[in-house]
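Reader: Hi! Could you walk me through this one? I'd like to start with the ligand and then look at the rest.

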Amino acid sequence: MVKLSNAPSGRHFLQIPGPTNVPDRILRAIDNPTIDHRGPEFGVLGRKVLTEIKPIFGTKSDVVIYPASGTGAWEAALVNTLSPGDRVLMFETGHFATLWRELAERVGLTVDFVPGDWRQGVDPKQVEARLSEDKVHAIKAVMVVHNETSTGVATRVGEVRKAIDAAKHPALFMVDTISSLASIDYRHDEWGVDVTVAGSQKGLMLPPGLSFNAISAKALAAHKTSKSQRSYWDWSTMLAANKTGYFPYTPATNLLYGLAEAIDMLMEEGMANVFARHDRHAEATRRAVRTWGLEILCVNPAEYSSSLTAVLMPTGHNADEFRKKTLAAYDLSLGAGLTKVAGKVFRIGHLGSFNDLMLMGTLAGVEMGLAIAGVPHTEGGAQAAMNYLSGVAKAEAPKRSVA
Ligand SMILES: *Cc1c(COP(=O)(O)O)cnc(C)c1O
């Protein structure tokens, strides 16, 4: 550990949009002796997580778990289903869509990249138009990022599915849900997604180090004919071992203890309640931002992200200077603007293990940070969020539905 000269007291506020706060229950679950990953005890754990993770993706199909960051699962999705030279359709919704595109090109795919202004999600009409033009079905996959973590914009995945169907196009549909899974409503089966990519360190409340592919029957069929070079990521090897709860190589055993606990926590709360909680915290945050007189990067209310809110800095003020002062003064980490919006945007993460008072601590920290950094704003954003949170709490009894 780096020794801090000014060690802060109390808990750090990790309000970047991933990695997120790891709850004590998960930390305690991880803090257990590592077991033999070929022994009988491991099989029980493996079967539990491989089965119980499925409803979180909204699928009855197989989900594979890699000991890798989300980027690994991005690559796995492509090299398991496509062949070098294949054309794919992608959309520049922000930094993460751009990185996935670069990865796709490195593994030999040809990407039709539809430019975007980083303030909107994928336009279903554009998907339909692009696919309708492709009479010979040269496009083998449509790849979208559900929640653009760099912009706080959520693409309407169900509508993109409808657009693919309206164009009567057979392309595979792949969705990155790394910062939306277990935070924003998501339905792999219902929305006809072929490969869903996810990671451990955001809505799933775990440390970084696990990532996922949920695989449709159509994706599995494409896998059989895909000619991409692959070894570590190979679904066939993985799925064969997974049948009995094991892995073809050493899994991240202790993170899987944490995953089992995370699944239990999500099921106890109920997925519908988890999504409602995220929606509510996002709305409270937006009310705070509007009261401050600052602008939300996402322009379309139908695409507001419930995982995070990206906020534009007033011109002449640097978001990174503001973040630096806020971190030093209040031990609050906020997300940076990435690449195209570096210095222009800061991001408030409100996903994962989170509650009303954690949000209020965060928003109070932002408001005090704006003050000490000399950023012009109107006071009372935190108060506006409190009014919303307390009003809703009075009007609505907590829901007990289990998804
Ligand atoms: C965090 C994130 C990634 C990258 O995941 P890593 O675990 O850092 O490899 C990709 N896509 C989205 C949408 C993300 O939020």
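Author: Happy to; we can take the ligand, then some helix packing, then the backbone. One thing up front: this is a predicted model.

Reader: Good to know. Which residues come nearest to the ligand?

Author: There are 13 residues around the ligand, and Ser69, Thr71, Thr149, Asp176 and Lys202 come nearest.

Reader: How does that shell split by class?

Author: It has 4 nonpolar, 7 polar and 2 charged residues.

Reader: And which helix gives the largest share of the shell?

Author: That's helix α4, residues 70-79, which supplies 3 residues.

Reader: What about polar contacts: what does the side chain of serine 69 do?

Author: An N or O atom in the serine 69 side chain sits 2.6 Å from an oxygen atom of the ligand. Glycine 70 uses its backbone instead, with an N or O atom 2.8 Å from a ligand oxygen. Then there is threonine 149, where a side-chain N or O atom is 2.4 Å from an oxygen atom of the ligand.

Reader: How much of the ligand's accessible area does the protein cover?

Author: The ligand has 380 Å² of accessible area on its own, and the protein covers 87% of that.

Reader: Nice. Switching to helices: how do α2 and α10 cross?

Author: Helix α2 (residues 40-52) and helix α10 (residues 253-269) have axes that come within 10 Å, crossing at roughly 45 degrees. The crossing is left-handed.

Reader: Would you call α2 and α10 parallel or oblique?

Author: Oblique, because the angle of roughly 45 degrees falls outside the parallel, antiparallel and perpendicular ranges, and that is the label for α2 and α10.

Reader: And at what angle do α11 and α13 pack?

Author: About 20 degrees, with the axes of α11 (residues 271-292) and α13 (residues 356-372) 11 Å apart. Angles under 35 degrees count as roughly parallel, so α11 and α13 get that description. Their crossing is right-handed.

Reader: Last topic, the backbone. Which peptide bond is cis?

Author: The one from glycine 18 to proline 19 is cis, with omega near -5 degrees. Proline 19 belongs to the loop between β1 (13-15) and α1 (24-30).

Reader: What is phi like at lysine 168?

Author: Phi of lysine 168 is near 50 degrees, a positive value in a residue other than glycine.

Reader: Where does lysine 168 lie?

Author: Lysine 168 is in the loop between α7 (157-166) and β8 (172-176).

Reader: Great, thanks for the tour!

Technical notes
Residues numbered from 1 in each chain as written. Predicted model: local features only at pLDDT ≥ 70, side-chain atom pairs only at ≥ 80, totals over all residues. Heavy atoms only, no water. Near = heavy atom within 4 Å. Polar contact = N/O pair within 3.5 Å; in protein donor to acceptor, adjacent residues only side chain to side chain. Areas by Shrake-Rupley, 256 points an atom, 1.4 Å probe, with all protein chains shown as cover. Helix = DSSP H or I, 4+ residues; strand = E, 2+ residues; numbered from the N terminus. Nonpolar A, V, L, I, M, F, W, Y, C, P; charged D, E, K, R; others polar. Axes fitted to C-alpha atoms, helices over the stretch in contact; angles between N-to-C directions. Parallel < 35°, antiparallel > 145°, perpendicular 65-115°, else oblique. Left-handed = near helix turned anticlockwise from the far one by under 90°.
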